[in-house]
Structures are given as C-alpha cells and as structure tokens.
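Please open the model in your viewer and keep the sequence panel beside it, since this tour moves from the whole chain to selected groups of residues.

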Amino acid sequence: MDGQADPGGPRLRPAAARARSADGGIVAVEAFSRGGAIDRAWMGWGALRVLSRQDWAPGAVRDEGRVANVERFLLVISGALDADCGDSGRHRVDAGDLLWIGAGHGLGARLANASATAPLRLVELWLLPDRVNAPPAVANRRGGGDVEAGSCVGAAAGWTLLADGAAAAARVVSADPAGPAAPVSDGDPLPLRQRAQVLAARLEPGLCLSLAPGEAGRCWLEVLEGEAVVLAAAGSGMPLAAGDGVGWLAGDAGAPVSVAAFGSGPASLLLLTMPA
C-alpha cells in the first residue's frame, strides 16, 4: 500500500520493523521503502516518501548525484552537518537546526559530517512537492522547539512550526518564480512546496500536546528520543518508543487526538501534517 490507512485505524511503524543499511560510515534506518529495501506495505505515507534516521561516523561523506522534484529536510539531532549545495551555497547545520533543500528541476549536494572527531545524528525527510520543475532553493532554520512542563496545551501553543507550505511561509521564497529563495530569519518556518507542515516539540514527563491536524487530512508522528503515548478520543493509548512512528488519516477510527511524554525523561517529537 502507498500511504493507505489501515481499516482498523492508525498504522504503527515500530523501529524494530524498519530496514537498516550501513555504507561509507553512515548507518541509516528507513521508515519506508528506499533503495534496495522494498516493502510494498510501506512505500510512503502520502506526500512523505522518505523518513530516514542516520548516524554518521566522524568525517563521513556522501556525494549525491542530481536529485529533482523533492522537498528535502535535514534535521540535525547532534553534531554538525556540512552541506555543499553548489550554486545554492554551502551551509553548516548545527544540532537543533533544520536545512531545507527544494530540489526543484535538479540540484546536487555533497553532505558531510562537519567534524573529524565527533559523530553526527540526523533525520532526513523527503516530501513530494505540489509542483514540479521549480527553481532549486536552499535555506536553513536555526533552533527547534521545547515545551515547558505543565498541563496539556493546544497544537498552536505547544508545537514549534519548522516548515510550512501555507502562504505565511511564502515570504521566504522569491516572488520571482525563476529566482532563488531569500534568507530565513532565525525562528521563521522554512518554506515547503506542498500543503504540509513540519512541527517539533520536546515534552517533559507528564506534559501532553494536542494532535489536532487542522485542515490536514493525513498526519505522521515520529518519536525522535524518549517515550510517548498517543491517546485517542475514547481514551485508548498507544505507547511509542524512540524510533517508532504512527500515521493516520483524519476521521480514522481511533485517530490520536493528543500525545504525552511517558517515562522518566523528556520525549522529542516530530509531527508532519499533509493532504490526504
């Protein structure tokens, strides 16, 4: 199935069931089919085609060929990434930063661990754009989102918006469709050529957040670190550990309405909302 919902409701994708690869000092764990690891039940989740958790050895390098018509995001968990995007510039992405590469009609990149002594951990996302052959563009957003401990808060109040395909984020893309992206100020969401959002939160134990999708028809929640439990309106819960993810459609039976940190430490979460 290609992003189809399970008839019983949300679809769990545990870390233990994901494909793993190791090449050139890079160990990757893939949520969906990629390269030679094909799982017909997990070809993607709607517009989300790649969700890859990666550990890079010190000095590891990946020279990439030309990639076209995907929206790429690289979220650095620890360490630092050096991204040489040719004519679109060279970017250092530190822990907590997010790099957007709008490949458009084609863009090559050389990615490297910026350190010769320290490892690098990152999460890579690929989404299909809602238009093809756009001009390539690259931008970097500094800093993620933490949530103060306390009671359950709404989606708008508790999540940090990292990337946004809505008109509010269009200001950071050149008004000239043939021109490059303008710089992104610290704290501004990155652009996204899709009616989607990328959000992040760090929950202290006992804190919960709303998972109200707004106008989105499809959602994916990934636990980056710690443990969490997603709760349905009926009160049933689904526990998630680091490396687990769950996808659902708006209106699914048992669709999650909130998520809470579960365990002795904080939980770092990534939420993607997109069209059905």
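What share of the contacts in the protein with a separation of 6 or more comes from residues 24 or more positions apart? In this predicted model, such pairs account for 77% of those contacts.

Begin with a cartoon of the whole protein, where you will find 1 helix and 22 strands. Switching to a surface view, you are looking at about 11500 Å² of exposed area, of which carbon and sulfur atoms supply 54%; of the 276 residues, 51% are buried.

Next, select Phe32, Leu48, Leu51, Phe73, Leu125, Leu270 and Leu272 and show their side chains, because these are the residues that touch the most other members of the largest nonpolar core, a set of 28 residues joined through side-chain atoms within 4.5 Å. Centre the view on Leu48: leaving aside residues up to four places away in sequence, Leu48 touches Phe32, Leu125, Trp126, Leu127, Trp220, Leu272 and Met274. Apart from this core lies another, of 21 residues, and selecting Leu199, Cys219, Val230 and Ala261 will show you some of its members.

Finally, turn to the second largest pocket, which holds about 330 Å³ of space. Select Ser21, Asp23, Ala28, Glu30 and Arg62, the residues that lie nearest its centre among the 17 that line this pocket. Colouring by strand is helpful here, as β2 (19–23), β3 (26–30), β4 (48–56) and β5 (61–63) each supply at least two lining residues, with the largest share, 5 residues, coming from β2. Colouring the lining by residue class instead gives 6 nonpolar, 6 polar and 5 charged residues.

Methods: Residues are numbered from 1 along each chain as its sequence is written. This is a predicted model: local features need pLDDT of at least 70, side-chain atom pairs count only at pLDDT 80 or more; totals for chains, interfaces and linings use all residues. Side-chain values use heavy atoms; hydrogens and water are left out. Helices (H or I, at least four residues) and strands (E, at least two) are DSSP runs, numbered from the N terminus. Buried means under 20% relative accessible area, exposed over 50%, partly exposed in between (1.4 Å probe, protein chains only). Contact means heavy atoms within 4.5 Å. Accessible areas come from the Shrake-Rupley method with a 1.4 Å probe; for residues, only the protein chains shown count as cover. On a 1 Å grid over the protein atoms alone, a cavity is a set of points where a 1.4 Å probe fits but cannot get out, and a pocket is an open set with protein on both sides within 12 Å along at least five of seven lines; lining residues have an atom within 4 Å of a point. Grid points are joined across faces, edges and corners, and a volume is the space filled by probe spheres set on the points. Ala, Val, Leu, Ile, Met, Phe, Trp, Tyr, Cys and Pro count as nonpolar, Asp, Glu, Lys and Arg as charged, and the others, Gly among them, as polar.
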